[in-house]
Amino acid sequence: MTEQSPNDQFHASSFMQGHNAEYLEQLYAQYARDPSALDAAWVEFFKALGDSPGEAEAEAAGPSWARTDWPPIPGDDLTAALTGEYPAAAEAKEAGKKIAAKAEEKGVELTDAQIQRAVLDSIRALMIIRAYRIRGHLVADLDPLGMRDQTAHPELEPESYGFTDVDMDRPIFIDNVLGLQMASMRQIIEIVRRTYCGTFALQYMHISNPVEASWLKERIEGYGKEIAFTKNGRKAILNSMVEAEGFEKFLHVKYMGTKRFGLDGAESLIPAMEQIIKRGGALGVEEVIIGMPHRGRLSVLANVMQKPYRAIFNEFQGGSSKPEDVDGSGDVKYHLGASSDREFDGNSVHLSLTANPSHLEAVNPVVLGKVRAKQDQKNDAERVKVVAVLLHGDAAFAGQGVVAEGFGLSGLRGHRTGGTIHIIVNNQIGFTTAPHFSRSSPYPTDIALMVEAPIFHVNGDDPEAVVHAARVATEFRQKFHKDVVIDIFCYRRFGHNEGDEPMFTNPIMYNTIKTQKTTLQLYTDRLIRDGLMPEGEIDDMKTA
């Protein structure tokens, strides 16, 4: 016969087991702090243990060597973006005191319950504003063809934060976060959707530098900061669009079927590039060095570089743009470079378009090297006088390793150029391959997250949004000397090149494109609706 030890007997009969030890410790700690908070049976149980109050409190406090800062709980923006757990913004910390002070100023007395509800409204309002800053671009109106994935994002809905229809017009204290002291949830949603979910959508909450992120936020966010151009500004954009579309249409009719890699469907690139030159010139830029692929090169040569039309047409007929060069370059017209001077508002800027081979993105390091050399020649220590502008296709930007290499070197002492302005002509297709078959990331621009570059997503059928993005991007580059990315969602009206029939490989997309109005037609309709110009005057511009 074997004897059971007292421990074995206790283990067999007691409710205290290893798996509930943590719960018992919590109860014991609560007993040490406030015995009245426990059920009487537990109080009697712990009292029977015979521990003095000091011993009970010491036991509840845990070992003296335990770390109070472990495990770490990261609260940075990137972690919040990955987990979806958005902490209350810093603006919410003193909300209760500020609400009470505001009420006192107006001679209104608030109960603790009213203050608590007002604080809760403020915190939730700030949370939804923050959610739009981080994820608003995911539901923005960016695709001219309307073929973009429309996945619902409940974290952007007021209902997810406890607001119902009856709460939408209740005043909420937001302490100038959107430029307003008080705003209803309806007003807040209207402002953040206009700012982050329209045809212009800024992706910037991955930037860890608070000064850079704050500058971008203040530049675009808030009441009265919608995209707005003067009458002359809108006419200038219209004129650029007329020239860009007219040039492509002439080539399409005059040289039908000739390979030219036209800009049809992405004409808003032209006023955007002119805005970079104009705004850059006002901010100290003396020279812009451009690298770009085939698509749109002829339009850039004609409308941005102002290469004579007769020289371009001579190349279409097999001649050289420079007859005095007997041998010629031997290269096709959409590989050739050029240089010129443009003047805006009294500021002269020298433009240089670098020649490049068929291999996409191979021109990038050449452009960056030229920029660095020119900056050294000009003793440009701040790197604001010479700027690189690189144009990319969406598939090449995501797929070519030299793009990542350029980003990787962009901040190094021996390679930095003070930031490149990247423009992606996002045709939403690579040759004949759809994005979901060619990359794993939602955007082709996601490679730029590695250097925390701000990314301006814009709808190419809204030229004003595209020009606005170009202006803000140029200002950011000149102020912070970092890369910026402008992602223009557009399409190719005539396929990979004008000799292809894209209906064979992408029938759904090209059925949509067939019925799509041109960007110029959409913009002229808008200007006529706004009463800026009569229809006859716009027609005269097109035929001039």
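Start by selecting Met292, Pro293, Asn356, Leu360, Glu361, Val363, Asn364, Leu391, Gly393 and Ala396: together they line the largest cavity. Keep in mind as you look around that this is a predicted model. The volume of that largest cavity is about 50 Å³, and the count of cavities of 30 Å³ or more comes to two. Try colouring the lining by class, and you should get six nonpolar, three polar and one charged residues.

**Stop 1: the sheet**

Now switch to a cartoon view and find the open sheet of eight strands. Walking across it, you pass β3, β9, β10, β8, β7, β4, β6 and β5 in that order, and the pairing is mixed. Which strands stand at the edges? They are β3 (200-203) and β5 (338-344), and each has a single partner strand, so one side of each is left without a neighbour in the sheet. Turn the view a little and look for the twist, which averages 20° from one strand to the next.

**Stop 2: β7 and its two partners**

Select residues 386-393 to light up strand β7. Is most of this strand covered or uncovered? It is mostly covered, with seven of its eight residues buried.

Add residues 287-291, which make up strand β4; β4 and β7 pair in the parallel sense over five bridges. To see a matched pair, show Val288, which stands opposite Val387 in β7.

Then add strand β8, residues 420-426, which pairs with β7 in the parallel sense too, over six bridges. The pair to show here is Val389 and, opposite it in β8, Ile421.

**Stop 3: along to the β3 edge**

Next, pick strand β9 (residues 455-459) and strand β10 (residues 484-489), which pair in the parallel sense over five bridges. Click on His457, which sits in strand β9. Its bridge partner in β10 is Asp487. His457 counts as buried because its relative accessibility is 0%, and buried means under 20%. While you have His457 selected, draw a distance to Thr445: these two are 12 residues apart along the chain, and their C-alpha atoms are separated by 9.2 Å.

Now move to β3. How do β3 and β9 pair? They run in the antiparallel sense, over four bridges. Show Gln203 and you will find it opposite Ile455 in β9. Turn on the side chains of β3 as well: Phe200 and Leu202 point one way, Ala201 and Gln203 the other way, and all are buried. That fits a wider pattern: in a regular strand the side chains alternate between the two faces of the sheet.

**Stop 4: helix α18**

Select residues 507-514, helix α18, and pick out its buried residues, Met509, Tyr510 and Ile513. Look down the axis of α18: these buried residues fall within an arc of 90°, so they line one face of the helix. An α-helix has 3.6 residues a turn, so residues three or four places apart point the same way. On the face of α18 turned away from the buried side, you will see the exposed residues Ile508 and Lys514.

**Stop 5: a pocket that α18 helps to line**

Stay with α18, since three residues of this helix make up the largest share of the lining of the second largest pocket. That pocket holds about 710 Å³ of space. Its lining has 25 residues, and those nearest its centre are Met147, Arg148, Asp149, Pro435 and His436. Colour this lining by class and you get 11 nonpolar, nine polar and five charged residues.

**Stop 6: a few single residues**

Jump to Phe247 in helix α10 (residues 231-254). Is Phe247 buried or exposed? It is buried, with a relative accessible area of 4%. Draw a line from its C-alpha atom to that of Leu263, 16 residues along the chain, and the separation is 9.6 Å.

Finish with two backbone spots. Most residues other than glycine have a negative phi. Gln306, though, has a positive phi near 60°; look for this residue in the loop between α12 (297-303) and α13 (309-316). Glu452 also has a positive phi, near 55°, and its place is in the loop between β8 and β9. At 24% relative accessibility, Glu452 counts as partly exposed.

How values were computed: Residues are numbered from 1 along each chain as its sequence is written. This is a predicted model: local features need pLDDT of at least 70, side-chain atom pairs count only at pLDDT 80 or more; totals for chains, interfaces and linings use all residues. Side-chain values use heavy atoms; hydrogens and water are left out. Buried means under 20% relative accessible area, exposed over 50%, partly exposed in between (1.4 Å probe, protein chains only). Helices (H or I, at least four residues) and strands (E, at least two) are DSSP runs, numbered from the N terminus. The arc is that of the directions from the helix axis to the C-beta atoms. Two strands pair if DSSP finds at least two bridges between them. Axes are lines fitted to C-alpha atoms, for helices over the stretch in contact, and angles run from 0 to 180 degrees between N-to-C directions. On a 1 Å grid over the protein atoms alone, a cavity is a set of points where a 1.4 Å probe fits but cannot get out, and a pocket is an open set with protein on both sides within 12 Å along at least five of seven lines; lining residues have an atom within 4 Å of a point. Grid points are joined across faces, edges and corners, and a volume is the space filled by probe spheres set on the points. Ala, Val, Leu, Ile, Met, Phe, Trp, Tyr, Cys and Pro count as nonpolar, Asp, Glu, Lys and Arg as charged, and the others, Gly among them, as polar.
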